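Me: I'm new to this one, could you walk me through it slowly?

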Amino acid sequence: MDQDSLKLKVARAALDIVQPGLESGTVLGIGTGSTANMFIDLLGEVAHLFDGAVASSEASAERLKSHNIPVYDLNAVDRISVYVDGADECNEALQLIKGGGAALTREKIVAAVAKEFICIADESKWVPVLGAFPLPVEVIPMARSHVAREIVKLGGDPILREGVVTDNGNVILDVYNFSIAQPLAMEARINGIVGVVCNGLFALRPADRLLLGTADGVRDLRRPASSLDS
Ligand SMILES: O=C[C@H](O)[C@H](O)[C@H](O)COP(=O)(O)O
């Protein structure tokens, strides 16, 4: 089965989980990327059942609106019941790397507010140790060189993502050759560099549930009680 078919399967599985809880007053959190787009397109079929969504990017907001799903500013919303989003990598603790589409900061904010975070991904994203996918770091433009030097001290190879400006007006450094054995510690450490807005590690707030599309079907994985950091 090809990757797009697996993405569609997990998007459908997420809708099957979310749909019974949709009612007047429900506001969903919606992620960014090709897998999240498939979920948005399916969600359009049930737009009449719930109030609307908070989007993690301008692109997702436009797609939601194209399905007549109202989009809310996060500050106008008290509660997000479920956040659905894809990932670039995931491990068995349901810690993630995100930001391949440069939406990491808003994604992390919406995920932080949501009661439950359901991650949808095809099996190519599953790894034993995070870091094969270059870790995106959103940086204030004037701090780009400073942050890059600090990341080199941590052992990574940062490369500016050419031609990309985030929805927040910042730039992205993609960090190569990082084997992230301790995601919690690394997330906090990178956040501590002055000029970093956000990094693409989702370890402090991992997914609660991962729907992983495999050739044998969709695996429904729950977050274990403890993380892998020692
Ligand atoms: O910034 C983008 C997001 O973190 C995406 O969720 C991530 O890149 C996965 O995207 P896709 O579903 O296209 O593989």
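**The sheet and what packs on it**

Reply: Let me start with the sheet, keeping in mind that this is a predicted model. The sheet is an open one of 6 strands with mixed pairing, and its strands come in the order S2-S1-S3-S6-S12-S13.

Me: Which strands are at the edges?

Reply: The edges are formed by strand S2, residues 52-55, and strand S13, residues 217-222, each of which pairs on one side only. Going from one strand to the next, the twist averages 20 degrees.

Me: In what sense do S3 and S6 pair, and over how many bridges?

Reply: Strand S3 (residues 80-85) and strand S6 (residues 114-122) run in the parallel sense where they pair, and 5 bridges link them. Within this part of the sheet, Asp-85 stands opposite Cys-119 in S6.

Me: And which strands does helix H3 touch?

Reply: Helix H3, made of residues 58-66, packs on the sheet and touches strand S1 (27-30) and S2, with its direction at about 160 degrees to that of S2. Helix H4, residues 104-113, lies across S1, S2, S3 and S6, and it runs at about 145 degrees to S3.

Me: Switching to helix pairs, how do H2 and H3 sit relative to each other?

Reply: The axes of helix H2 (residues 34-43) and H3 come within 9 Å of each other and cross at roughly 20 degrees. Because that angle is under 35 degrees, H2 counts as roughly parallel to H3. The crossing of the two helices, H2 and H3, is right-handed.

Me: Which residues meet there?

Reply: From H2 there are Ala-36, Asn-37 and Ile-40, and these meet Ser-60, Arg-63 and Leu-64 in H3. Sorted by class, the contact of H2 with H3 has 3 nonpolar, 2 polar and 1 charged residues.

Me: New topic, Gln-95. Where does it lie?

Reply: Gln-95 lies in a loop, the one between strand S4 (89-90) and strand S5 (96-97).

Me: Is Gln-95 buried or exposed?

Reply: Gln-95 is buried, because 25 other C-beta atoms lie within 10 Å, and the cut-off for calling a residue buried is 20 or more.

Me: What is Gln-95 in contact with, leaving aside its neighbours within four places in sequence?

Reply: With those neighbours left aside, Gln-95 is in contact with Leu-130, Pro-183, Phe-202, Ala-203 and Pro-206. Take Leu-130 as one of these: it is 35 residues from Gln-95 along the chain, while the C-alpha atoms of the two are separated by 8.3 Å.

Key
Residues are numbered from 1 along each chain as its sequence is written. This is a predicted model: local features need pLDDT of at least 70, side-chain atom pairs count only at pLDDT 80 or more; totals for chains, interfaces and linings use all residues. Helices (H or I, at least four residues) and strands (E, at least two) are DSSP runs, numbered from the N terminus. A residue is buried if 20 or more other C-beta atoms lie within 10 Å of its own, exposed if 12 or fewer, and partly exposed in between; C-beta atoms are placed from the backbone. Two residues are in contact if their C-beta atoms, placed from the backbone, lie within 7 Å. Two strands pair if DSSP finds at least two bridges between them. Axes are lines fitted to C-alpha atoms, for helices over the stretch in contact, and angles run from 0 to 180 degrees between N-to-C directions. Angles under 35 degrees count as roughly parallel, over 145 as roughly antiparallel, 65 to 115 as roughly perpendicular and the rest as oblique. A crossing is left-handed if the near helix is turned anticlockwise from the far one by less than a right angle, and right-handed if clockwise. Ala, Val, Leu, Ile, Met, Phe, Trp, Tyr, Cys and Pro count as nonpolar, Asp, Glu, Lys and Arg as charged, and the others, Gly among them, as polar.
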